[in-house]
Each structure stands twice: as structure tokens, then as C-alpha cells.
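Reader: I've got a model open and I'd like to talk it through with you. Could we start where the chains meet and go on from there?

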Amino acid sequence: MIPFLHLSNVQKSFGSVPVLRGVELTLFSGEIHGLMGENGAGKSTLIKILSGNLMADSLTCAMNGESLSLAEARGSGKLGMRFIHQELNSIAHLSVAENLMLGKQLPTRAKIFVNQQKLSELTQVALAELGITHIDPKQRMSQLGAGDQMLVKLGSAFVVESGKPAAQLYVMDEPTASLMPSETEKLFEAFERLKQKGCSILYVSHRLDEIFQITDRISVLRDGKNTLAEKTKMLKPRTVVEAMTGREISQHYPGRSGILSKEVLLSVQHLRNAKLKSLNFTLHKGEILGLAGLGGSGRSEVLRTLLGTRNFSGTLTLEGQPWQPRLKKFWQERLAFIPEERRSQGLVLNQTVATNSHLPFIGNFGNFLGLLPKQKLRQKSEEAWSRVRVQGTGITQRIWQLSGGNQQKVLFARATWHQPKLLLLDEPTRGVDVGAKQEIYSLIRQASGEGTAVLMVSSELGELIGLCDRILVLRDGQIYHELQTESLSEADLLAYCQGVRAMESAE
Amino acid sequence: MTGSLQLASLLRRYGTFLGFLLIVSFFWSQRPDTFMTTRNWLNITQQVSILCVISFTMTLVMVGGDFDLSVGSMASLSGMIAAVLWQQDVSLFGALGTALLVGAFGGVLNGVLVAYAGLSAFVATLGTLTIFSGLALLVSEGKTIFGRAIPEIVGDFSRGGIPLAEGIQLPNLTLIAISILILMGIVLQHTVFGRNLHAVGGNREASLLAGVPVARLRLIAFAVNSVGAAIAGLMLVSRLSSANPTQGDGLMLNAIASVFVGMTMSEEGEPNLFGTLTGVLILGVLSNGLTQLRIDTYVQQILTGLIIIVAVLFSRLSLRRR
């Protein structure tokens, strides 16, 4: 059988970092193809190359056995594609119909005026493909709930545009993330109808149960390479998970020296808010505690609550004293935090390394007039800088000139400036190259060795297992498991996060 | 490669200053006898001193990432309030103090609306612009106050100064502008408040997460700026020996323009005092020189607008090459 679309030897590097290293993707007509892989495995890069948002460094492309370039395939109109991206980005003050038709040719009267009636009809037809009749095309997007907004976005893939070729390939990146089960079912029924018409669907999801429910074949990427491509019915969930997580190069994680203290630093009891359902846990001095879970499981929400930016109910105790977290006092209480988004939440990009490393603390240096002792401040910044081993020209360098890894180290210089009691880390090695990762692991371990309790959220399961003393697994805002990390495998941890254990025992 | 890059970066940082020197040499060549004299330069500094004060404090607000449209009408209001109080036989300093207090109050209002109530700086200060303007007209009943109502010492102040040589003096108004420049320079460079304000302007969310009291800093910046506007309004009354309910209104656009022109002179495109000073001087020299060449003030206005656009455009173009 000749595949409808066959990509092979797809290569792509960002700078000197290879992201795709000879990836192959084979799509047949009338099949739903699951694409899986951990964060950073190269899924979204592959999709962006397919959509034309990124150019591959090299690739070979064949359509129905005929070899041609991807640009030709798109240009010829033979490869009609529809993309649904993961992020929910709708324009709140436009109508449902306008959102659905965004970027498409609007139906007109006299070539000038928008034909509102036709617009509504087109919208209704597209939504009906998904079995949706309860959304009025004239409604404003802002009046819809998140689930309905997602449905409208999905609906945009089903719009029939006059003069455009019918879509042959649908690429869906985690479309069910904010859908109710019943809505998901409707979407899957629509998939079936597309399949009957001979269309292919490339379906990206982290949800193993869905992948096994609807796909015909599964491809897995890891570190920019294919590790699995097989018919779904030949596979077991565990095989897929192992293909996703097995590492070629095993990272070296610095181990704990000495015995873990029994002294409790932080105790959390019955912590609940809109997204968390009664969490209980304790954190010991010098301990590294990991929070694992899929996106939306409540991992970051725990950190945000401890930071004092979320309302909550429950009892928090810090060093035996009742504790009410407040952002303004946070750093002054010898606590520290490294946020998930380095550039938007962590750094002041147009400022110097020094300014960024002492940002929370300069209030402590001012005299009664608020004047700063420049010499002392510089000296302290130099100390912090040398502690984290940043590669750069010095503390007066502007921070945007540094690489991601070095920027992250500056945030560590900030976070360890005052030998914190507690350090909250949200994805501490995101977007950081391998070498810098290693150094950041050492910094985390070093802080814990000096008695700092670390609470760490990460999507990289390997680093959670390698660094943490214990891991809490969150799902739907609840702690489902508390795991010791000795002899825990990544496959096991991923299975816990996804709830595969429950799935397999139900089989 | 690196040579041309360095040249581009030098041009970007000093292009505006170069432009300033070009304007100066043009007027010098056109009016060799009168333009490049100590007397004329001291005269220019006096002419720009009022704009200087507002622009320097505006730099503070803009370093924090905001801007303030209400400064011009605040200048009108503060001058008007002082004049009305003097008319009612309130003491010299009583009236000055009240005018400055009104300035502080107006600034706090701006700050509360923007930093605490979360209105955009544009909307909030556009609203207060209109309010202050209306208040100035209300307290004056739309009339200009002049003559004996204004204490003599007020007008004398702007004519006085520190004698430098025979017939040449450093004007008092220039002295005020210089002291505000030094004060703002220290505040922005050497105080906790100033350094934190740079961080807030650079990345508000990151500053918030680092525990910086973002809202309070923004409020203080607005308050300082509004007091600056009130001072400028009083300087205007002194200079004109009269108070008119709309006399400060033109200051706002020129102040924001000066800061914008000055922003082209920093490496990272941040507002900075040296740049703002250059911006003010460009506007001042242009007005002084063109008047000496007997060119229409309307043409002056058109040229001013063009220069602002060219300066900012130029810095953007060379920035993009990076």
C-alpha cells in the first residue's frame, strides 16, 4: 500500500542544537495516526515543518509515491491541510463565526460587504460536523466557556472554503485538553466520518487512553529520533511509554551526601483551592521533593499557592509556625522561587546580570535615604556570580546577551543569594542545553546540601527521579502517589502520571 | 563586519546627539554673531528650564514603564491656584506650598488609578488631564491673573540669578532645572527606588515575582512627576508674571517627545536623563535658532514634529539590524 504522505530523513537544528535527527513519518489515507513523545522530543517542530512555519534543514517527501518537495505539495493544493494547535487563542470580542473563519476568506456581497447570513450558514455547517447545534454563530466568543471555545476552534478545521481544495490531512495537537468527555466523544465521531471520506488525521496527545482508543497506528519520537512506528493493535501502553522515555545517554545526577534531616521545614495540610483538592504533604530541611504530573494536574498551582499569589484554604506551617504566604514578603522570609517562564517571569532582559541577580534584595542595602552602597552591592553580585559559574563577560553584561542556560544560572544566583530555607523550582532546566543542565543539577544538589529544602516541578521525569528524594504524583489537583525514587523507572513514573496503572488493571 | 556593526551601534547611540550638534552648527553658521554666545546659551537654558523640569520627572515615570498625559494641565492648575491664592492675600509661601500639595495630590490620584485600580496610563491620565484643566478654568473663572495680584518677588525671581560676569548671570530658573536634574539623576541611579523602578519598567511581572513593591513604586513615580509639573507651573507664573488657565497645556507633548528622543540614546532604548536633556535642548535650540532666523512659529512646530519622528525612526532602523 502506497502511503498518502511519506516524510523521511527530516533534519532540523536550532543553532548548534539538533532537534530532529532523521525523523520519518508515514501517513496513509483514511487512518488516524498518533504522534507521541515527551516534551522536547521534537513533535511540535515536526508539525511546524509540516505546516510550513519552519523550514527543515533537509527532508525527503513523497506524496502517493511521487517524490516532490513539501512546499510543492502544499502549493499544488493536493495536500489540503488543517491545523489545530494546542493553545486556545481566540479573539474574545469577535463573534463565534468570525473566530471560526479567522484567516480564511470571508463570504462577501458585492465583493466588499461581509455576507453575514452566509457566514452564519458556513459556521453552522462546520459546527454540525462536530455534532454541535447549541452554539449560536452570532454569539460573542467571550460568552462561551473554555470547552465551547475549544469546540469552535476545532470547528474551524471543518469549514468548507469555496475555491480551496478539500482537506486531506488534519493535524490535531492535543485537541481534547479542555474538553468534557462527551465533547471528546463527538470529536472522535467526527474523526470517524473524516476517516470514511479517506482523510488522514495526525493526532498528537499525551493521553495514552485516547491514543489507544482512536488511532490506527502510533509513532513515537524521542530526542529527535523515531523510536517506534507500529499498528496500534500490535502495541501495549507500556511499550509506548518505554519508547517515549528510554534514554540513550543516561544523565549523571549528583547524589546526596550525608543523611536526610528528619526536621520538618514545611507542612501542608488540607490545602485546597479552585484547582487543588485537599493536599497534604511535608517537606524536610535539605530535602528535594518533586512534583510530577501532566500539564493541568495542579503541579504549578502548588508552587503559586506557596508563593502567595493564589487564594487557598488549609493550614501551612513553616518551621513549626503557622504561615501565610505573601508575595511581597516572600523573598524577605528567606524563601526563593525560580519561575517557569524565564524570560517573561524571571528576568528583566534589558538590565545587567547584577541587577537581575540582586533584584529582590536591593531594598536591604539602601541606607536611610534609600541610597545604595555601589561597592558592596557589586561585591555581593560578584560573589553570587562566581557561585553559579556563569559563562559571560561579567556582572555588568546585559542579560539578554547570555544563553538560556546562563540566564537560568543567574536566576539561581538570585535564588541562592540569601541561603534560602525553601527553594521553589518550576521547570528548572526548560530550554537549557545539556551541559548547563548538568551544572544546574549540581546547583540544586548543592543548595540542598546546605540545608535548603527544594520543592521542584518538572516535566522531565528523568531529572525528577535523578535528583529528588521523594516524588508526589499529582492528577486533577490531587496527590495520587508518593514515590521513593530509588529503583523508580521513568516508564513507571510516566505510567503513574497518566494513570496507566489503573487502566491496565482494568483490562 | 564587526567594524560596521560597531559603527552602527555608535550611530544608534550617538546619532541623536550628532543631530543636535548639526542643528547647533547650522544656526551658528547662519547667525555667527548672536547664536554661539554665552548670553544666548544662558538664555536658551532659561527658555527650556520649565520644559526641563517636567521632562526630567516624566523620565522617572517612563523608566517605570508608564507615561503621564496630565502634566501640562497640572502645570496650568498649580500656577492658577498660586495666583488665585495670592489674589486672596494668602502669603507667598502659603500659596506656593498649596500649589505643590495640589500637584502631589493629583499625582497620587494618577498613581492610584494606574497602579492600583489597573486603568491604562493613557485612559487614566487623559481623564485627569481633563479634570485638572477644568479645575484651572474653574478656580480662575477663565480669566488671566496678572499685575498687582502676583507678588513682585515672583516675577523678580525669574529675572534674577547668580552673576557670572559683567552683565551675565546664571538664571534662577536654570538653577532649579539643574537641581532637579541632579536630584533625579541620583534617584534613578543610586537609590533603591530608582533601581527598582528600572526593573519594573523592564519587566513588571518578573519584578512582582521578585517581591518588588511594583504598585507603590509606580504611584510614587506619578506623584513625583506631578509635583514636577506643579513646580514647572509655578516657574511659568514667575517667568510671565501672570497666570493663565491654559498656559502649561503645551508642555505635555514636548516633555513626552523629549523623553522619546532621549530613549534613542541609550543602549537598550530605555528612558535616561542625559537623553532627555538632549531632547529638550534640541527642541529649545530649534525654537531659539528659528526665531533668530525669523521663521514662523508654525513652521517651527512642523519641524519639531519631523525631528522627533526622524530621531525615533533612525534608532529603530539601526536597532533592527541587530
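Author: Sure, and keep in mind that this is a predicted model. The contact between the two chains draws 25 residues from chain A and 20 residues from chain B.

Reader: On the side of chain B that touches chain A, which element gives the most?

Author: Two elements of chain B give two or more residues to that side: helix 8 (192-202) and helix 9 (204-209). The one that gives the most puts in seven residues, and that is helix 8 of chain B.

Reader: And by class, how many residues on that side of chain B are charged?

Author: That side of chain B has eight nonpolar and eight polar residues. The charged ones number four.

Reader: Over to chain A. Which strands stand at the edges of the sheet?

Author: Four strands of chain A make an open, antiparallel sheet, in the order 2-1-4-5. An edge strand has a single partner strand, so one side of it is left without a neighbour in the sheet. In chain A that describes strand 2 (17-27) and strand 5 (66-67).

Reader: Which residue in strand 4 of chain A does Leu7(A) stand opposite?

Author: Strand 1 (residues 5-14) and strand 4 (residues 58-63) of chain A are antiparallel partners, joined over five bridges. Opposite Leu7(A), in strand 4 of chain A, stands Cys61(A).

Reader: What angle does helix 1 of chain A make with strand 2 of chain A?

Author: Helix 1 (residues 43-51) packs on the sheet of chain A, where it touches strand 1 and strand 2. Its direction and that of strand 2 of chain A make an angle of about 65°.

Reader: Back in chain B, how do helix 6 and helix 10 lie, roughly parallel or roughly perpendicular?

Author: The axes of helix 6 (residues 152-159) and helix 10 (residues 214-240) of chain B come within 7 Å and cross at roughly 90°. Angles of 65 to 115 degrees count as perpendicular here. So helix 6 of chain B is, relative to helix 10 of chain B, roughly perpendicular.

Reader: Which residues of helix 10 of chain B make that contact?

Author: Helix 6 of chain B brings Val154(B), Gly155(B), Phe157(B) and Ser158(B). By class, the contact has three nonpolar, three polar and one charged residues. From helix 10 of chain B come Val237(B), Ser238(B) and Arg239(B).

Reader: How far apart are the end C-alpha atoms of helix 10 of chain B?

Author: Helix 10 of chain B has 27 residues, and 24 of them are buried. At 1.5 Å a residue, this helix should span 39 Å. The distance between its end C-alpha atoms agrees, at 39 Å.

Methods. Residues are numbered from 1 along each chain as its sequence is written. Chains are lettered from A and ligands numbered from 1 in the order in which they are written. This is a predicted model: local features need pLDDT of at least 70, side-chain atom pairs count only at pLDDT 80 or more; totals for chains, interfaces and linings use all residues. Two residues are in contact if their C-beta atoms, placed from the backbone, lie within 7 Å. Ala, Val, Leu, Ile, Met, Phe, Trp, Tyr, Cys and Pro count as nonpolar, Asp, Glu, Lys and Arg as charged, and the others, Gly among them, as polar. Two strands pair if DSSP finds at least two bridges between them. Axes are lines fitted to C-alpha atoms, for helices over the stretch in contact, and angles run from 0 to 180 degrees between N-to-C directions. Angles under 35 degrees count as roughly parallel, over 145 as roughly antiparallel, 65 to 115 as roughly perpendicular and the rest as oblique. The expected span of a helix is 1.5 Å times one less than its number of residues. A residue is buried if 20 or more other C-beta atoms lie within 10 Å of its own, exposed if 12 or fewer, and partly exposed in between; C-beta atoms are placed from the backbone.
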